[in-house]
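Student: Could you take me through this structure step by step, with the terms explained as they come up? I would like to see how each answer is reached.

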Amino acid sequence: MAELLSLEEALKRILGRVTPLGPEDVELSAAAGRVLAEDARAAVDLPPFPSSAMDGFAVRSEDTPGRLPIVARIAAGVPAPRALDAGEAMAIATGGVVPAGADSVIPIEYVVEDDNRVEIPAGVVYGDNVRPRGGDIAAGDVVVPRGARLGAAQIGALAAAGLDRVVGGRRPRVAVLATGTELRRPGEPLGPGEVYEANGLLLATVFASTGADVEALPAVTDDESSHRGALERGLEADVLVTSGGVSVGPHDLVRRILGELGVEEIFWGVAVKPGKPLAFGVRGSTLVFGLPGNPVSSLVGAEVFVRPALLALQGATVPGPVFFEGRLAAAVRRNAHRDEFLRARSAVSEEGVLLDPVIGQESHMIARAAAADALVLAPRGEGELGAGERVRYLPLA
């Protein structure tokens with residue numbers, strides 16, 4: 001076997017083969033999770049008029065303190081009836097239009113209202129509780145830049161700025177194929193030597209969370225004709241991800257048949273545990289990932305290598321993987337030759353995030369992995385990482 005690629009080199013080679021997919025017009029109501037292909041700019045000033053930040057009274061600061069007549073009452077959603085003259089006050093609701101002539105709003109709880117007059121006991125500071133027009137953003141300014149992924153805050157900002165559509169990167173079409181004669185669908189009875197097929201659903205769940213459109217192909221048995229037909233179909237997608245069949249056993253057919261179908265293998269084997277026998281190749285514009293069949297190996301490969309590629313296809317500026325920092329709750333022994341991803345439970349403490357590796361780190365132990373919400377990166381090396389030591393981790397949804 002050739003020398004294993006480092007984690008960093010493997011990611012570099014993968015992302016180096018990614019060409020972002022074309023842009024498409026998207027309704028804002030359906031844009032959650034999309035990556036912007038163009039800067040999204042405000043259609044209006046925000047706020048679009050000077051507005052009150054409080055329920056209170058619009059006044060001229062130079063008229064305070066004092067006792068002022070209330071000459072109008074301004075509700076939210078309606079224009080001010082006229083400009084405010086010297087020596088006057090207007091009652092105003094939160095979000096109401098601050099009338100011309102007023103420069104401040106004094107909250108209702110700071111004054112005494114009596115007989116349609118308001119007693120203001122102390123001086124008001126110029127500009128208090130007035131949201132200036134365009135104070136958040138001006139019309140034409142960038143609300144969310146190209147390459148950003150839209151979450152709730154971004155969607156809310158775009159809606160407030162008057163946008164009902166955005167230009168997003170096209171969602172990649174991903175075909176997922178699990179291989180192995182031993183696989184049975186969940187719910188079917190198991191025969192001798194058979195196991196339930198979990199990787200297809202696992203991978204589809206990871207990829208859907210990136211915004212991809214996922215097609216889970218039916219699992220195939222370990223014969224050439226089944227593999228060839230399924231792989232040919234999968235290669236019609238933007239990305240094909242297989243699970244199993246990428247090692248060196250007599251029933252590991254995926255890599256050879258992909259080669260016969262015109263896939264150029266970029267690399268095979270990464271210095272990562274679990275997931276060493278990971279394969280990556282291309283055919284035309286289609287990216288092809290061959291993940292190992294052990295479920296945790298597939299999970300790690302999907303999160304660390306495939307997820308960034310799917311986000312990069314959509315034009316993400318920072319496709320990842322994006323690591324966070326925490327501290328180990330218990331010591332772990334390092335692997336001398338491979339970076340290792342340990343499944344762990346996270347907890348928030350006064351010292352930050354504590355990461356407690358779960359018991360049972362073998363690559364087939366997917367049930368044990370269900371207790372984890374983080375992948376802790378233990379860099380290769382001798383000895384151990386001690387309890388309390390800083391480490392990087394990837395959150396698991």
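Tutor: Helices (H or I, at least four residues) and strands (E, at least two) are DSSP runs, numbered from the N terminus. The model is a predicted one, in which local features need pLDDT of at least 70 and side-chain atom pairs count only at pLDDT 80 or more, while totals for chains, interfaces and linings use all residues. Residues are numbered from 1 along each chain as its sequence is written, and side-chain values use heavy atoms, with hydrogens and water left out.

Student: In which loop is Asn116 found?
Tutor: Asn116 has a positive phi of about 60 degrees although it is not a glycine, and Asp115 likewise has a positive phi, of about 55 degrees, without being a glycine. Most residues other than glycine have a negative phi. Asp115 has its place between strand E8 (112-114) and strand E9 (117-120), and Asn116 is found in the loop between E8 and E9.

Student: Is Asp115 buried or exposed?
Tutor: Buried means under 20% relative accessible area, exposed means over 50%, and partly exposed is in between, with a 1.4 Å probe and protein chains only. Asn116, with a relative accessible area of 44%, is partly exposed. Asp115 has 66% relative accessibility, and therefore counts as exposed.

Student: Which residue does a cis peptide bond join to Lys273?
Tutor: Most peptide bonds are trans. One cis bond joins Leu46 and Pro47, with omega about -5 degrees, and Pro47 has its place in the loop between strand E2 (40-41) and strand E3 (51-52). Another cis bond, also with omega about -5 degrees, begins at Lys273, and its partner is in the loop between strand E19 (272-273) and strand E20 (279-283). That partner of Lys273 is Pro274.

Student: What is the relative accessible area of Ser51?
Tutor: Ser51 lies in strand E3. Leaving aside neighbours within four places in sequence, Ser51 is in contact (heavy atoms within 4.5 Å) with Gly95, Gly96, Val98, Asn129, Val130 and Arg131. Ser51 is buried, and its relative accessible area is 4%.

Student: Which helix gives the largest share of the largest nonpolar core?
Tutor: A nonpolar core is a set of buried Ala, Val, Leu, Ile, Met, Phe, Trp, Tyr and Cys residues joined through side-chain atoms within 4.5 Å. In soluble globular proteins, nonpolar side chains tend to be buried together. Of the 44 residues in the largest core here, those that touch the most other members are Phe207, Val241, Phe267, Leu287, Phe289, Phe305 and Phe341. The largest share of this core, eleven residues, comes from H6.

Student: How many residues does the second, separate core have?
Tutor: Leaving aside neighbours within four places in sequence, Phe341 of the largest core is in contact with residues including Leu7, Val272, Pro274, Val300 and Leu394. The second core is separate and includes Ala237, Val246, Ile257 and Val288. The number of residues in this second core is 17.

Student: Over what arc do the buried residues of helix H4 lie?
Tutor: In helix H4 (residues 224-234), the buried residues are His227, Ala230, Leu231 and Gly234. The arc is that of the directions from the helix axis to the C-beta atoms, and its extent puts these residues on the same side of H4. What covers them includes strand E13 (173-178), strand E17 (239-243) and helix H5 (254-260). The arc that they cover is only 100 degrees.

Student: How many residues apart in sequence are the parts that Glu224 and Arg256 tie together?
Tutor: A salt bridge is a side-chain nitrogen of Lys or Arg within 4 Å of a carboxyl oxygen of Asp or Glu, and the structure holds 25 of them. Glu224 forms one with Arg256, the closest N and O atoms being 2.5 Å apart. Because Glu224 lies in helix H4 and Arg256 in helix H5, the pair ties together parts whose separation in sequence is 32 residues.

Student: Which strand holds Arg73, the salt-bridge partner of Glu113?
Tutor: The side chains of Glu113 and Arg73 meet in a salt bridge, at 2.6 Å from N to O. Glu113, which is partly exposed with a relative accessible area of 38%, lies in strand E8, so the pair ties together parts that are 40 residues apart in sequence. Arg73 lies in strand E5 (residues 66-74).
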